[in-house]
Amino acid sequence: MYILHMSLINPNKKYKKLITSGCSFTHGHFQGEEASWGYQLSELLGCEHINRGAGGSSNYIILNKIIKYCETNDMTDCCVGLQFSEISRREYWLNDYKRYQTVNYASLDDEHFNHDHKTDQMYFIKENKDFFQSIWWEDNENVIRAINFMLMAKSYLISKNIDFVMFEGIGSIL
């Protein structure tokens, strides 16, 4: 379900690249690159697709990836596609790995908790999930946070004169 949809991509313009960022739905969600919405859009636009999507990404990580890409690459004749994700995903920094890790409340339940890939920080969050629930997973706050990320993305891309399309791809802002 697409709640917020903005499109400044011009279908009559010739783009060199479409750079996308989002969660697993952008990455290809177990279907592969050619099944991703970004690949399909790049085919319609007749341009190369650069897929920066990754499963489980929070909206902060999605926005961070696209800004980092835009700031470190030539964006002439490029456009951007952003798929915002589930609003309750939160991120924390893993200093040892120099990267963010994403967590949501459901991933802390015993039946969903995968002990093979968890860090000390994740165990700490799980052990204190009631505390974190009250500060990270309040629905109204997360809706406002998601809208803020969308507005920041729009403002940033417009300020850089980068054509874009963006949407909320999971339907969690209802």
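The largest pocket of this predicted model encloses about 330 Å³ of space. Of the 17 residues that line this pocket, Ile 61, Arg 99, Tyr 100, Gln 101 and Thr 102 are the closest to its centre. Strand E6 provides the largest share of the lining, namely five residues. Helix H3, which spans residues 59-72, and E6 each supply at least two lining residues. By class, the lining of the largest pocket comprises six nonpolar, seven polar and four charged residues.

The second largest pocket holds about 160 Å³ of space. Its lining is formed by Ser 24, His 27, His 29, Phe 30, Gly 55, Gly 56 and Arg 89. The two pockets are set side by side below.

| Pocket | Volume | Lining residues by class |
|---|---|---|
| Largest pocket | about 330 Å³ | six nonpolar, seven polar, four charged |
| Second largest pocket | about 160 Å³ | one nonpolar, five polar, one charged |

Thr 102 merits a separate description. This residue belongs to strand E6, which covers residues 99-103, and is among those closest to the centre of the largest pocket. Thr 102 counts as buried because its relative accessible area is 18%, below the cut-off of 20%.

Leaving aside residues up to four places away in sequence, Thr 102 touches Gly 56, Ser 57, Ser 58, Ile 61, Arg 89, Arg 90, Glu 91 and Met 122. Among these, Gly 56 places its backbone oxygen 3.3 Å from a polar atom of the Thr 102 side chain. Gly 56 and Arg 89, both touched by Thr 102, also belong to the lining of the second largest pocket.

Definitions and conventions. Residues numbered from 1 in each chain as written. Predicted model: local features only at pLDDT ≥ 70, side-chain atom pairs only at ≥ 80, totals over all residues. Heavy atoms only, no water. Helix = DSSP H or I, 4+ residues; strand = E, 2+ residues; numbered from the N terminus. Buried < 20%, exposed > 50% of the residue type's maximum accessible area, 1.4 Å probe, protein only. Polar contact = N/O pair within 3.5 Å; in protein donor to acceptor, adjacent residues only side chain to side chain. Contact = heavy atoms within 4.5 Å. 1 Å grid on protein atoms, 1.4 Å probe; cavity = no way out; pocket = protein on both sides within 12 Å on 5 of 7 lines; lining within 4 Å. Points joined across faces, edges and corners; volume = space filled by probe spheres on them. Nonpolar A, V, L, I, M, F, W, Y, C, P; charged D, E, K, R; others polar.
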